[in-house]
Amino acid sequence: MINDFPQALTIAGTDSGGGAGIAADFKTMQERGVFATMVVVAVTAQNTLGVQDALPIPAQLIDEQCASLAADLKIRACKTGMLADPTRVMAVVNNLRRYDFGPVTVDPVMIAKGGAKLLSDDAIATVRDHLLPLATLVTPNLPEAEELTGMKIQTEGDMISAGKLLQSMGAQNVLVKGGHFASADEANDFVLLANSKSFWLTAKRVPTANTHGTGDTISAYITAELAKGHSMESAIRTGKAYVEATIRNGINVGHGHGPLNHWAKIGGDNDKI
């Protein structure tokens, strides 16, 4: 049947080093047995040492990429990543309103692992006011959650409060990632679902610098699982397990913050398609 195969979309920036952005999204979706498509919002010169340069794509070309996909493919779920600036954010927002690309996972990418800014300061309000209300799921790390909510997050209680606030701002489901708590032996994430159910996800920390692309990877995993028809809770839970495996069974590439091992397998991993 035409368009029957699970198809997903990433709307984000490139990473020439292959560890994050659209590259990580494609690798993850491919591993999950989903056909991946892309709308390129920005192009970066990037490696494991950092981001050397970035160039936003004209808004008209973002529109044309979205129209091209909508005219031919049946996208069942999509995600956003690096969106650069207010012009690019609004171009994405307008296209998400125009076309049905399925559930929308918003990964509010703001800063690269090496410290480079991937979202301008004036674009944060645009993400909060216009993109967040379209989110089926939002997946901020702690600094991103602080920027979006305007609150300081120093405890797990603060993570719960931030999750509730993000949901009140329009996101249906929220995943607040706690990996930036430097002193913890575990990485604890807080999940608040649309049905008001909440829970914590915990993983032991692995002593490694090879964590480039973790945010892209978990959001891409969840998007792929939603494209296959899995529940939000299942997608989030197995997404956490997958990212843990990509770090624990790591590979060594480059001389800085290395990429994840997207070939990693998880227990019971027999549902690719």
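**Lys240 and its partner**

I started with Lys240 in this predicted model and found that Lys240 is buried, at a relative accessible area of 10%. What does its side chain meet? I found a salt bridge to Asp189, 2.8 Å from N to O. Asp189 is buried too, with a relative accessible area of 5%. I then placed the two on the chain: Asp189 sits in strand β8 and Lys240 in helix α8 (residues 232-248), so this is a link between distant parts, 51 residues apart.

**Further along α8**

I stayed on helix α8 and looked up Glu244 and Arg248, whose side chains form a salt bridge at 3.6 Å, N to O. They are four residues apart in α8, which means about one helical turn between them. Buried or exposed? I noted Glu244 as partly exposed, with 25% relative accessibility, and Arg248 as partly exposed, at 46%.

**Helix α7**

Next I went to α7, residues 214-227. I checked its length: 14 residues at 1.5 Å each should span 20 Å, and the end C-alpha atoms are indeed 20 Å apart. How many of its residues are buried? I have 13 of the 14, so the rest of the structure largely encloses α7. Just past the helix I noted Gly229, which has a positive phi of about 95°.

**Glu225 and Arg32**

I picked Glu225 out of α7 and asked which residue it forms a salt bridge with. The partner is Arg32, with the closest N and O atoms 2.9 Å apart. Arg32 lies in the loop between α1 (21-31) and β2 (35-47), so this pair ties together parts 193 residues apart in sequence. I checked burial for both: Glu225 is buried at a relative accessible area of 4%, and Arg32 is buried at 3%. The pair does not stand alone, since I also found Lys228 linked with Arg32 and Glu225 in a network of salt bridges. For the whole structure I wrote down twelve salt bridges.

**The sheet**

Then I traced the strands. I have nine of them in an open sheet with mixed pairing, running β3-β2-β1-β4-β5-β6-β7-β8-β9. Which strands stand at the edges? They are β3 (50-56) and β9 (198-204); each has a single partner strand, so one side of each lacks a neighbour in the sheet. I also looked at what packs on the sheet, and noted helix α6 (residues 156-168), which touches β7 (173-176), β8 (186-192) and β9. The direction of α6 makes about 30° with that of β8.

Within the sheet I followed one pairing, that of β1 (residues 7-13) with β4 (residues 77-80), which is parallel and has four bridges. I looked up Thr10 there and found Lys79 as its bridge partner in β4.

**Cysteines**

Last, I looked for disulfides and counted zero. Why is Cys78 not bonded to Cys66? Their sulfurs are 8.9 Å apart, and Cys66 holds the closest cysteine sulfur to that of Cys78, so the gap is too far for a bond. My cut-off for a disulfide is sulfur atoms within 2.5 Å. I checked burial here as well: Cys66 counts as buried, at 2% relative accessibility, and Cys78 counts as buried, at 0%.

How values were computed: Residues numbered from 1 in each chain as written. Predicted model: local features only at pLDDT ≥ 70, side-chain atom pairs only at ≥ 80, totals over all residues. Heavy atoms only, no water. Buried < 20%, exposed > 50% of the residue type's maximum accessible area, 1.4 Å probe, protein only. Pairing = 2+ DSSP bridges. Contact = heavy atoms within 4.5 Å. Axes fitted to C-alpha atoms, helices over the stretch in contact; angles between N-to-C directions. Expected span 1.5 Å × (residues − 1). Salt bridge = Lys/Arg side-chain N within 4 Å of Asp/Glu carboxyl O.
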